[in-house]
Amino acid sequence: MKKFMLLYKGPATPPEQMSPDATQKVMENWKAWMEKVGAAIADMGQPMAPGGQSVVDDGSAGQADQLNGFSILQAEDMEAAVKLVDGHPFLSDKTGQFSVEVYELLPAPGM
């Protein structure tokens, strides 16, 4: 089994700015997706605080992407990993502003 990192990208509302009812609904949607994916979840990950920083190789500061969190899944290949993203709650807005970026994790060279 290969491992794949999901990166959540888009203008998500920070949990502290959501009503308790909205937070509960979001968490119910995440729970339903996690139950659907099941044992493919290697690491559920966690949310990221807004306002990340980007350090460029020339020492300057760059603009950080709007990354909101990550998860790590296990799948046979990229196609299977992408299929696991089907119905993901982060994609429920349907505005084109949110994406789940899927990357295969490779072993570190020489390790």
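This is a short presentation on the fold, core, largest pocket and selected residues of one chain.

Good morning. The model I am presenting is predicted. The mean pLDDT of the chain is 93, and 100% of its residues reach 70 or more. Confidence is highest in helix α2, at 98, and lowest in strand β4, residues 61-62, where the mean is 88.

I begin with the overall architecture. The chain contains 2 helices and 6 strands, and along the sequence these follow the pattern β-α-β-β-β-β-α-β. The C-alpha trace spans about 45 × 35 × 25 Å along its principal axes. Of the 111 residues, 22% count as buried. Among contacts with a separation of 6 or more, 74% are made by residues 24 or more positions apart.

Let me turn to the interior. In soluble globular proteins, nonpolar side chains tend to be buried together. Here, the largest nonpolar core has 14 residues, and those with the most contacts inside it are L6, Y8, W33, V100 and V102. Two or more residues of this core come from each of β1 (2-9), α1, β5 and β6 (99-105).

What does V102 touch, leaving aside neighbours within four places in sequence? Its partners are F4, M5 and L6, together with M78, A81, V82 and V85.

H88 is also of interest in this context. This histidine sits in the loop between α2 (78-84) and β6. Is H88 buried or exposed? The relative accessible area of H88 is 2%, and because the limit for burial is under 20%, H88 counts as buried. Beyond four places in sequence, H88 is in contact with Y8, W30, W33 and V100. Of these, Y8, W33 and V100 are among the core residues with the most contacts that I named a moment ago.

The loop between α2 and β6 also holds K94. Unlike H88, which is buried, K94 is exposed, at a relative accessible area of 71%. K94 also has a positive phi of about 60 degrees, although it is not a glycine.

Next, the largest pocket. It encloses about 1000 Å³ of space. There are 38 lining residues, of which A12, T13, P47, N68 and F90 are the closest to the pocket centre. The elements giving two or more residues to the lining are α1 (20-37), β2 (41-47) and β5 (67-75). Which of the elements provides the largest share of the lining? That is α1, with 6 residues. By class, the lining comprises 21 nonpolar, 15 polar and 2 charged residues.

Both the core and the pocket lining draw two or more residues from α1 and β5.

Two further positions deserve a comment. L67 lies in strand β5 and is partly exposed, at 27% relative accessibility. Setting aside residues up to four places away in sequence, L67 touches L7, Y8, K9 and M48. L67 and V85 are 18 residues apart in sequence, and their C-alpha atoms are 17 Å apart in space.

K83 lies in helix α2. With a relative accessibility of 56%, K83 counts as exposed. K83 and V37 are 46 residues apart along the chain, yet 9.8 Å separates their C-alpha atoms.

To close, I return to two points. The largest nonpolar core has 14 residues, and the largest pocket is lined by 38. Thank you for your attention.

Note on methods
Residues are numbered from 1 along each chain as its sequence is written. This is a predicted model: local features need pLDDT of at least 70, side-chain atom pairs count only at pLDDT 80 or more; totals for chains, interfaces and linings use all residues. Side-chain values use heavy atoms; hydrogens and water are left out. On a 1 Å grid over the protein atoms alone, a cavity is a set of points where a 1.4 Å probe fits but cannot get out, and a pocket is an open set with protein on both sides within 12 Å along at least five of seven lines; lining residues have an atom within 4 Å of a point. Grid points are joined across faces, edges and corners, and a volume is the space filled by probe spheres set on the points. Helices (H or I, at least four residues) and strands (E, at least two) are DSSP runs, numbered from the N terminus. Ala, Val, Leu, Ile, Met, Phe, Trp, Tyr, Cys and Pro count as nonpolar, Asp, Glu, Lys and Arg as charged, and the others, Gly among them, as polar. Buried means under 20% relative accessible area, exposed over 50%, partly exposed in between (1.4 Å probe, protein chains only). Contact means heavy atoms within 4.5 Å. A nonpolar core is a set of buried Ala, Val, Leu, Ile, Met, Phe, Trp, Tyr and Cys residues joined through side-chain atoms within 4.5 Å. pLDDT is the predictor's confidence in each residue, from 0 to 100.
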